[in-house]
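Trainee: Could you take me through one part of this model slowly, as you would at the bench? I would like a close look at a single helix and what surrounds it.

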Amino acid sequence: MIKTSRTGASYSRRQALRMMAAGGAVGLFAPQLLGKPAFAQTPPTAPTGRVVVGLSQEPTVFNPLMAHIEVDDGVNFSMFDALFRISPEGVIVPNLALEVPDQTNGGISADGLQWRIKLRDDVRWHDGQPFTAEDVKYTLELIVNPDFRAWRTTGHALVRDITVVSPTEITWRMEEAFAPYLNFLTETFMVPKHVLEAATDLNENTFNQSPIGTGAFKWGQRIAGDNLELVANPDYFGEGPYIEQLFFKYIPDNTVLYTQFRSGDIDLVGQAYISPDNYAEAATLPERVVTLVPKTSVETFYLNVEKPQFKDRAVREALYLAIDRQAIIDALNYGVPTVTETFMPKMSFYYNPDLPKHEFNLERAAQMLDEAGWLPGADGIRVKDGVRLSFANSTTAGAHLREQAQQFIQQTFAEIGVEMTIANLPSAVMWGDFWTLSQFDSAMSGINFLIGADPDVTNRFHTKAITAKGGKGSNNAQYSNPEVDALLEEGSRTFDPEARRAIYLKVQEIIRHDLPFLPLFANTSVFGQKEGLQGFVPNTNTRTESWNTAAWYWA
Amino acid sequence: MSAFLLNRFLQSVVLLVIVSIIGFTVLNLMPGGPMAQYGLDPGMTSDDLERLKEQLGLNRPILVQYFDWAWRLLQGDWGTSFRDGSPVLSVIGRHIFATLLLMGSSTVIAIAVGTWIGIRGATHRYSAFDYVATIGAMVALSIPTFWFGLVGIYIFSLELGWLPAGNMYTIGDGSALNYLHHLIMPSVVLALVHIAIWSRYMRTATLDVISQEFVKTARAKGVPERRVLMKHVVGNALLPMITLAGVQLPSILTGALVTETVFTWPGMGRLFLDSLGYSDFPVVMGLLMFSAILTILGNLIADIVVALVDPRIRLA
């Protein structure tokens, strides 16, 4: 039996209200994917069986607070817990905390500065020690310890005066009101104070290679370069786990990853999922369920707006008009992704659906450039004030669908007298200083603009986030607009979802007008799993497909 | 002999220093670096990246970094992997078994089959067998290994279902038979190229010996053809092959980049590619020094063995 489904992006008023009440962003899936399907059997009473998740990168960082990449998250979510979790619908729900603090329940003060978190009292670490507020304090302090090779510190750096009120209650003060912090805490996993305090070196110790968490799975064993085995934690305080062994299998090549899904070696294709060019075939495989799941990342044509070619908004607008987006989606990406006009994921409560629609119109593009004074030179390439409308486009070498899109765009640009050369680089080069210090002319990539599911995009679009100009952040397009700056500052201070929504709708409107990047399409992942695997629910508010392994079981 | 060894030791030290300087310089000149893996993470601010660089000591001048690394290496500290925080030697240790298994078996296949084809090709020169072997060797040498690998997986795994589509073992089954089953395809695919090389060398070497006077003398004395072949021809033809084996020795421990990727084999070749991809400098440098030492050792062993078995050669 072949089953494919596309998860949609529509939400009801009631759902929206419920989510707003929870103070989170909203990510939505078709209702049939939210709950357990009607035909689902009940999970086993004791953990049984195993699930093998195939990954195209190898998880190697097992201290969840240390600098790590997306692929490590599946292990983190399975072995550790955070104060809160974020559901597929974007609702922030309690995990180790008893309730989600907000300004109405007294967890967060009216000025957003005082935070009070109540914790569960029934949680134990994998070694049997009780989890307490001391662990939370230790975790939050470790992240900002200058000697510790921590992952993101945004938000954590604002925390002051952490006070353990009781083993189940902790308070702190924020240096400034920062609404996104609640969302960041859904990705901040708690580590055991009693274990790490005993380590002589914070960065290199045995915990890193055999971690102890509170999660549904315990450390099993790691065959470096091949797989990682986790085993069920029968004393888990939450739902599950229902499977006995959870394997993360590293399969370095995307084609081989798909092949091993076909051959049945893996039960679930994790990151980097199934390539769109294999989608049609994958959908016909027997005993496999293949699903299209919208991703938070947007495929973008990034413009370095400080380059003389791109300073003129008319040029950016004309380039956008000269991209045959639909052909890129249908012909090159097998119709898998969908159109978008913004950086905000479509599933988000903050998504602006009313932005001007892109059209592919070479005539208007040419006319627009003519009017702006960019006139064809002797070689046919447009020039204005000595600047030729010629630039390079770069992306990770070897990303074949993206490389095809580049060539396609190159051709339509040539038709309006714009010269685009292709200069692709290995990923270790592409995403180093070349990207972070804005040394590129234009770049192409799937960009995830949000941190967690919070709509705040200060890091991407605020003037003070331009690293190339001494700022702190990831404003790689070097985009600067005082109006956007002001809105972003207001948005990060605002806790009320409705008020925040108005702010971010406006931000999207301005950015759609200014076009520091040209949105090509909203990415969609092709998920694949064996029939019979139950409880698996995609959650694009997290970075991993393995965010709820505790709920997985075999029918 | 001891003068020879001392001489070779000093040469080797100089060579290792040169290799390490070139390796370190090239790695550090390569744009990008270890922070590139976080480049697309919206939450990693430039501040976070600078902090990490500082903590890893990457902000120091290259020369300082090099001497620090070399000084530690001299004391037996190969450094710590940026990626997983474990000591480089233990990272290498975790991958060496997989490579040894794969390269060992493919080398055995390659030497056995290659030697046989080479000798038979030489003794049956211009026969149908010789032509087929020559063309076969050319094909094996010109077609990339990953192509053979993917075609093999397609035919034997997906279509026929006889062999696994890669991996070193089935998760949940660690039996010797299971390892063997998984070993067949990658070791044969990897052996193909080596059989081609080995058989061509062996054929040439055999032809060289066959036309020599002492072989003719043996035949004239009435020594049976089989004995002429085994004792006089093959024995002498194998001499140059010892050198070839010495050159190939390091690859047994350093692994096969492409084959290990196609067959999802968790060996040293994969480790090298991954470490390069993440700019895990300590591991890349460790692997570089490791293979440089093996290359030196392989050549040294080959020279000594040749001198031992061939009385015409004296080491000085």
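Mentor: Happily; what follows is a walk along helix H4 of chain B, with its packing partners and its setting.

Please keep in mind throughout that this is a predicted model.

Let us start with the chain that holds the helix. Chain B has 12 helices and zero strands, so read from the N terminus its elements are simply α-α-α-α-α-α-α-α-α-α-α-α. Along the principal axes, its C-alpha atoms fill a box of roughly 85 × 60 × 35 Å. Of the 316 residues in chain B, 37% are buried. If you take the contacts between residues at least 6 apart in sequence, 71% of them join residues at least 24 apart.

The chain is divided into domain 1, residues 2-74, and domain 2, residues 97-266. Taken over C-alpha atoms, the centres of these two domains of chain B are separated by 37 Å. Keep those bounds beside the span of H4(B), which covers residues 88-123.

Now to the packing of the helix. Two packed helices are described by the angle between their axes and the distance between the axes. H4(B) can be described in that way against two partners, H5(B) and H9(B).

Take H5(B) to begin with, a helix of residues 128-142. The axes of H4(B) and H5(B) come within 8 Å and cross at roughly 135°. An angle counts as roughly antiparallel when it is over 145 degrees, and the two helices are therefore oblique to each other. Their crossing is left-handed. On the H4(B) side, the contact is made by B:Ile117, B:Arg120 and B:Gly121. Facing them from H5(B) are B:Phe129, B:Asp130 and B:Ala133. Sorted by class, this contact has three nonpolar, one polar and two charged residues.

The other partner is H9(B), residues 225-254. Here the axes come within 11 Å and cross at roughly 150°, which makes H4(B) roughly antiparallel to H9(B). This crossing is right-handed. From H4(B), the residues that make the contact are B:Ile96, B:Thr99, B:Leu100, B:Met103, B:Gly104, B:Thr107, B:Ile119 and B:Thr123. From H9(B) come B:Leu229, B:Val234, B:Ser251, B:Ile252 and B:Leu253. By class, the contact has eight nonpolar, five polar and no charged residues. For H5(B), remember, the contact with H4(B) includes two charged residues, among them B:Arg120 and B:Asp130.

Next, look across to the other chain. In chain B, 45 residues are in contact with 52 residues of chain A. H4 is one of the elements that give two or more residues to the side of chain B that touches chain A; with it are helix H2 (46-55), helix H6 (145-159), helix H10 (257-262) and helix H11 (268-277). H2(B) gives the most, with six residues. By class, this side of chain B has 18 nonpolar, 20 polar and seven charged residues.

Two loop residues next to those helices deserve a stop on the way. B:Asn167 sits in the loop between H6 and helix H7 (176-210) of chain B. Its phi is near 80°, a positive value in a residue other than glycine. The cut-off for a buried residue is 20 or more other C-beta atoms within 10 Å; B:Asn167 has 23 within that distance, and so is buried. B:Thr264 belongs to the loop between H10 and H11 of chain B, and its phi, near 50°, is again positive in a residue other than glycine. With 28 C-beta neighbours inside 10 Å, B:Thr264 is also counted as buried.

Finally, while you have chain A in view, two peptide bonds there are worth a look. A cis peptide bond joins A:Gly240 and A:Pro241, with omega about -5°. A:Pro241 lies in the loop between strand S9 (227-232) and strand S10 (245-250) of chain A. Another cis peptide bond joins A:Gln271 and A:Ala272, where omega is about 5°; A:Ala272 is placed in strand S11, residues 268-274 of chain A.

To return to the helix you asked about: H4(B) is oblique to H5(B), roughly antiparallel to H9(B), and among the elements of chain B that touch chain A.

How values were computed
Residues numbered from 1 in each chain as written. Chains lettered and ligands numbered in written order. Predicted model: local features only at pLDDT ≥ 70, side-chain atom pairs only at ≥ 80, totals over all residues. Axes fitted to C-alpha atoms, helices over the stretch in contact; angles between N-to-C directions. Helix = DSSP H or I, 4+ residues; strand = E, 2+ residues; numbered from the N terminus. Parallel < 35°, antiparallel > 145°, perpendicular 65-115°, else oblique. Left-handed = near helix turned anticlockwise from the far one by under 90°. Contact = placed C-beta atoms within 7 Å. Nonpolar A, V, L, I, M, F, W, Y, C, P; charged D, E, K, R; others polar. Domains from an automatic or database assignment. Buried ≥ 20, exposed ≤ 12 C-beta atoms within 10 Å, placed from the backbone.
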